[in-house]
Structures are given as structure tokens and as C-alpha cells.
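Welcome! Let's take a walk through this structure together, one feature at a time.

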Amino acid sequence: MRRAKIAIKQAEQLQLQHQNHSSNSKPQKGGKKKGKNKKLTSNGAAPNQNTNNSTPTPEDEEDDFEFLLLNVKRGLCRGLVRFFAALKQAGLVQENEYEFTSNQRIFEKRYEPFAAIQQPPPLSYDDYLKGSDFSKVPQKDLLASTSECFNVSKSMIEKLLAQIPTTDPSYLPIQEDELRQLAKVCVGNSIYLQKLKQIIGEGTTKASVSIDVNTNKQFCTIKIG
């Protein structure tokens, strides 16, 4: 679990690199930059330092890989939810109207298999509505947040791809081909997000929106025509 926490920390650091890119410190006059002091843990070691000097086992590497992969998928989910919200804000998509069912009924049936799990408590429909409501988020902020989700996920995928050659194939939770598919999903959505920004700038709502799952069956690419 210690190495799993390190993997989470690495994912958070990748996200912070994108958030703080414009706030890097300026070079000091008359000399070289001073190195940043590393924050020490309770035992005096740096957070990413292996204090017991033991070689990571394949199981350790698998844990690290899986946690970083989990962050990739979380970032993609968040990016897609925000992308759909941005499309709704721009007036390019509308809420579905059903004759024999409702959004709440669809939600309840979809999450019904998880109802038997007591901890954590199952997500309620009201909580789902609150968590997916971006109506009060400024359009500019929503677009920036969406773009950041895809960019950070792409950076984490590149990190995972770099680890594959040194990882035992039998411990890999995902194959290289599928990782590259996820990278293409990040790039594709980023491109169409830029197109959405262009459409918003033109002040038009005349554009078609389609869902493409040819690149990856689990995560879609939202196309704007």
C-alpha cells in the first residue's frame, strides 16, 4: 500500500504541473537556481524515497500501475462529463424526453446492482443531479477544466507507456494497444473541444454532435460536425 500511495502522489503531481505551469519561479540574478527543498516524511526521508532499500516486487509495480491507470480513467470520465455539460451550455445538445420512462428511472436501474453494497452508501439520484450540474459554472472555466482533464490523462498515459518495457507482462492490468487507444481518445476529444470553442466564438448552434466508440469501446470520442 505504501507504493500505491506513491502512485497516487505521482498522479496528483502530474495534475499540479498543468495547473501551476504559468506560476513557475523566475531565475535568480547572479547565480544558478536553487533546488527546491524536498518535503520529508516523518522518518526524515523524501516521499518517493524507498526507505528500506528493497527492490520493488512485480506485485508492487502492478499496484503502482493500476493506481495510475485508475487516475487515467477517472480523468477521462470527468473530462467526458464536462464535455457533455459544455455542449449543453452551448445549446448543441438537449435533454432526452421519454414517453415510457424517465432519467431517474434509468439511473435507478443502472445502479441497481450496487444497491446491496452498504459501505460506501449507494449514490442517490439527487446527489447525482447535484454532482453533474454545471449550469452555474462559467463557460470559460468549464471549457478550461474539460481541457485539463484530457491533458492530464494523456500525460499519465505517456508515463504508463514508458513503464511497460520494464514491467513483467503477466502483471500488466492493461495492454499497450488499449493504452494507446485511450491516448487517442484524449487527443480526439481535445481536438473536438477546440472546435467547440470555435463554434462558441462564432455564436452559432448549428452543429451536429455524435458519439464515436470505434477507438475505444469503454471511452467515447465526442465528435462535432
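Which residues form one aromatic cluster? In this predicted model, the members are F107, Y111, F114, Y125 and Y128. The structure as a whole holds 6 aromatic pairs. If you would like to look at such pairs yourself, two things describe them: the distance of the ring centres and the angle of the planes.

Now step back to the overall fold. The protein chain has 6 helices and 2 strands, and reading along the sequence gives the pattern α-α-α-α-α-α-β-β. Of the 225 residues in the chain, 28% are buried. Among contacts with a separation of 6 or more, 75% join residues that are 24 or more positions apart. On the outside, the chain has an accessible surface of about 15,500 Å², and carbon and sulfur atoms account for 50% of that area.

Next, turn to the largest pocket, which has a volume of about 1,500 Å³. Its lining is made up of 34 residues, with V81, F84, E95, Y128 and S132 lying nearest the centre. Two or more lining residues come from each of these elements: α2 (58–89), α3 (103–110), α4 (125–131) and β1 (209–212). The element that gives the most is α2, with 8 residues. By character, the lining divides into 20 nonpolar, 8 polar and 6 charged residues.

One residue ties the two parts of this tour together. Y128 belongs to the aromatic cluster, and Y128 is also among the residues nearest the centre of the largest pocket.

Key. Residues numbered from 1 in each chain as written. Predicted model: local features only at pLDDT ≥ 70, side-chain atom pairs only at ≥ 80, totals over all residues. Heavy atoms only, no water. 1 Å grid on protein atoms, 1.4 Å probe; cavity = no way out; pocket = protein on both sides within 12 Å on 5 of 7 lines; lining within 4 Å. Points joined across faces, edges and corners; volume = space filled by probe spheres on them. Helix = DSSP H or I, 4+ residues; strand = E, 2+ residues; numbered from the N terminus. Nonpolar A, V, L, I, M, F, W, Y, C, P; charged D, E, K, R; others polar. Phe/Tyr/Trp six-rings, centres within 6.5 Å; stacked < 30°, edge-to-face > 60°. Buried < 20%, exposed > 50% of the residue type's maximum accessible area, 1.4 Å probe, protein only. Contact = heavy atoms within 4.5 Å. Areas by Shrake-Rupley, 256 points an atom, 1.4 Å probe, with all protein chains shown as cover.
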